[in-house]
Amino acid sequence: MSKREKPPTYWLDFLAWQADQTRRTRRYLARRAALREGLVIDVACGAGQVLEELVSTRPKLRVVGLDADLSILGAANSDLPRVAGRAEALPFPAGRATAVIFHLALMWVRPAEALVETKRVLRRGGHLILAAEPDYAGMLSHPEPGSKQLMAERLARGIQRAGGDPFIGKRLPALVERTGLEILEYGLASRPWHYGPDDLNELERVFTFRLELNPRSARDWWVKARQAAKRGSYMEFLPVFYLLAVKR
Ligand SMILES: C[S@@+](CC[C@H](N)C(=O)[O-])C[C@H]1O[C@@H](n2cnc3c(N)ncnc32)[C@H](O)[C@@H]1O
């Protein structure tokens with residue numbers, strides 16, 4: 001997608017759908033980090049769903065979303081503060097933030113640089129919240145829809161071609177340890193998805209996103225996964241990890 005084009009509706013829908021999947025984990029992490037007031041930065045915020053939800057439940061927070069893509073910042077519906085910028089060079093002074101959040105975002109940036117920047121902008125006692133980052137190496141599908149290559153491998157290749165790291169979820173502790181932030185908790189934010197005959201719309205939403213990453217294998221996948229769901233059940237499990245750390 002070019003930086004100037006308006007993002008397609010399916011992409012905004014897909015981001016909203018992804019954010020729905022991890023809502024419980026994000027609420028848990030916000031409680032665990034005792035977020036009440038202060039500045040919270042959502043890095044690579046996309047259309048800003050994560051922030052909108054956060055301020056709706058915690059109105060005393062000052063929040064700002066940052067993204068490298070001006071078109072996605074412009075597509076957001078709400079009037080929450082947003083700035084254009086890069087995760088690797090955060091445009092904020094040192095020691096200001098109460099929390100810095102990444103949601104399905106560290107996988108798309110240069111993670112080591114982004115985490116050094118995060119540590120710089122956090123105040124002492126401030127939290128790094130990695131709310132959701134996947135590991136496609138651990139993905140399971142049943143029945144397996146790929147005939148020649150596992151679906152997970154095809155998706156991982158598509159993410160790599162688009163500039164992302166599909167395996168980052170498993171590397172989170174090592175990446176964060178290197179920054180000197182103290183890890184408080186590392187865990188799994190996802191559970192298996194079961195699609196039956198009533199879930200074809202939801203399955204189609206996943207399809208539209210995969211179509212963008214890898215059109216040929218997405219069509220293959222769609223035909224087989226849809227058949228299985230119509231017959232009774234198509235199951236997928238993608239391990240998506242969270243990590244909470246603090247700056248001492
Ligand atoms: C999958 S979206 C996730 C958006 C949002 N966090 C969410 O969960 O809905 C990834 C976002 O990362 C942004 N992005 C990619 N590289 C970036 C960078 N180096 N710095 C800041 N944002 C970046 C993209 O523009 C895109 O909006």
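Which of the 20 residues around the ligand come nearest? Here they are: Ala44, Gly46, Ala68, Asp69 and Ala87. Before I go on, a quick reminder that what we're looking at is a predicted model.

Okay, so let's stay with the ligand for a moment. Two elements give two or more residues to the shell around the ligand, and those are helix 1, residues 9–21, and helix 3, residues 49–57. Helix 1 gives the most, with three residues. As for what kind of residues make up the shell around the ligand, you've got 12 nonpolar, four polar and four charged.

Now the sheet. It's an open one, with seven strands, and if you walk across it the order goes 3-2-1-4-5-10-7, with mixed pairing. At the edges you have strand 3, residues 82–84, and strand 7, residues 182–188, each pairing on one side only. From one strand to the next, the twist averages 15 degrees.

Let's go into the sheet, to strand 4. Is strand 4 enclosed or open? Seven of its seven residues are buried, so strand 4 is largely enclosed by the rest of the structure. On one pairing, strand 4 runs parallel to strand 1 over five bridges, and there valine 40 has alanine 99 of strand 4 as its bridge partner. Strand 4 also pairs with strand 5, again in the parallel sense, over six bridges. If you want a pair to click on there, try valine 100, whose bridge partner in strand 5 is leucine 128.

Over at strand 7 we get the antiparallel case: six bridges join strand 7 to strand 10, residues 240–246. Isoleucine 183 stands opposite alanine 245 of strand 10.

What packs on the sheet? Helix 3 does, touching strand 1 (38–43), strand 2 (61–67) and strand 4 (97–103), and its direction makes about 180 degrees with that of strand 2. That's the helix 3 we met in the shell around the ligand. Then there's helix 5, residues 111–121, which lies across strand 1, strand 4 and strand 5, running at about 145 degrees to strand 5.

Last topic, the core. The largest nonpolar core has 67 residues, and the ones touching the most other members are Val43, Val100, Ile101, Ala105, Ile129, Leu130 and Tyr242. You'll remember Val100 from the pairing with leucine 128. And take isoleucine 129: leaving out residues up to four places away in sequence, it touches Leu29, Ala33, Ala99, Ile101 and Leu244. Ala99 there is the bridge partner of valine 40.

That's my tour, thanks everyone.

How values were computed:
Residues are numbered from 1 along each chain as its sequence is written. This is a predicted model: local features need pLDDT of at least 70, side-chain atom pairs count only at pLDDT 80 or more; totals for chains, interfaces and linings use all residues. A residue is near a molecule or strand if its C-beta atom, placed from the backbone, lies within 6 Å of it. Helices (H or I, at least four residues) and strands (E, at least two) are DSSP runs, numbered from the N terminus. Ala, Val, Leu, Ile, Met, Phe, Trp, Tyr, Cys and Pro count as nonpolar, Asp, Glu, Lys and Arg as charged, and the others, Gly among them, as polar. A nonpolar core is a set of buried Ala, Val, Leu, Ile, Met, Phe, Trp, Tyr and Cys residues joined through C-beta atoms within 7 Å. A residue is buried if 20 or more other C-beta atoms lie within 10 Å of its own, exposed if 12 or fewer, and partly exposed in between; C-beta atoms are placed from the backbone. Two residues are in contact if their C-beta atoms, placed from the backbone, lie within 7 Å. Two strands pair if DSSP finds at least two bridges between them. Axes are lines fitted to C-alpha atoms, for helices over the stretch in contact, and angles run from 0 to 180 degrees between N-to-C directions.
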